[in-house]
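Ready for a few warm-up exercises? Take a look at the sequence and the model, then try each task before you read its solution.

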Amino acid sequence: MAVPAAPMTKSARHAKIISLLERHQVRSQAELAELLSTEGVTVTQGTVSRDLLDLGALRVRGEGGQLIYAVPGEGGDRTPVVGEQVAFNERLARMCAEIMVSAEASANLVVIRTPPGAAQYFASAIDRASWNSILGTIAGDDTIMVITRDPNGGTDLAEEFIRLSAR
């Protein structure tokens, strides 16, 4: 008797979407849903739409001038264009409410705990939100260290993450 496979987590699905967008010129949400289906991931159009928003995906001109979906890369110039910043902040607020287990401060550091496997995904959302008070993040499997610019800014930042989690 075969054991049914566990459903794919949101983080794993997001990683799969990023991989597909890097390998294919995806022109529509329906096309992305079909590609996911060939990879064994069944999703609705609504799920694809929310995932693309969560990932900060944009439509850009691909080879041949067609509009395709792309996810902003890590590092380099990640300055958001008009309208993106609101989406990144909303995504971070949702993630605080859904993923964050705890946030504690010490001087200019905040240690955030997440469920196993979610820290890097959550740290990416923090980085994309581009808060001026944050110098950077370091993520492990279930722990994120956030470094603030202010030598005593950890407490205020931890309280902000906790406030966002209560929304």
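Helices (H or I, at least four residues) and strands (E, at least two) are DSSP runs, numbered from the N terminus. This is a predicted model, where local features need pLDDT of at least 70, side-chain atom pairs count only at pLDDT 80 or more, and totals for chains, interfaces and linings use all residues. Residues are numbered from 1 along each chain as its sequence is written, and side-chain values use heavy atoms, with hydrogens and water left out.

**Exercise 1. Find which element supplies the largest share of the lining of the second largest pocket.**

Step 1: Know the term. On a 1 Å grid over the protein atoms alone, a pocket is an open set of points where a 1.4 Å probe fits, with protein on both sides within 12 Å along at least five of seven lines; lining residues have an atom within 4 Å of a point.

Step 2: Look around the centre. Ten residues line this pocket, and Asp127, Ser130, Trp131, Ile134 and Leu135 lie nearest its centre.

Step 3: Sort by element. Helix H5 (119-129) and strand E5 (134-139) each give at least two lining residues. E5 takes the largest share, with three residues.

**Exercise 2. Work out whether H5 is largely enclosed or not.**

Step 1: Set the cut-offs. Buried means under 20% relative accessible area, exposed over 50%, and partly exposed in between (1.4 Å probe, protein chains only).

Step 2: Go through the helix. Among its buried residues are Tyr121, Phe122, Ile126 and Arg128.

Step 3: Conclude. Nine of the eleven residues of H5 are buried, so the rest of the structure largely encloses this helix. Just past its end, Ser130 has a positive phi of about 55°.

**Exercise 3. Trace the salt bridges that Lys10 makes with Asp54 and Glu98.**

Step 1: Recall the rule. A salt bridge is a side-chain nitrogen of Lys or Arg within 4 Å of a carboxyl oxygen of Asp or Glu; the structure holds eight.

Step 2: Start with Asp54. Its side chain meets that of Lys10 at 3.2 Å, N to O. Lys10 sits in helix H1 (residues 10-23) and Asp54 in helix H3 (residues 45-55), so this pair ties together parts 44 residues apart in sequence.

Step 3: Move to Glu98. Here the closest N and O atoms of the bridge with Lys10 are 3.8 Å apart. Glu98 lies in helix H4 (residues 84-98) and Lys10 in H1, so the pair ties together parts 88 residues apart in sequence.

Step 4: Put the picture together. Lys10, Asp54, Arg94 and Glu98 are linked in a network of salt bridges. Within it, Asp54 is buried at 5% relative accessibility, Lys10 is partly exposed at 33%, and Glu98 is exposed at 52%.
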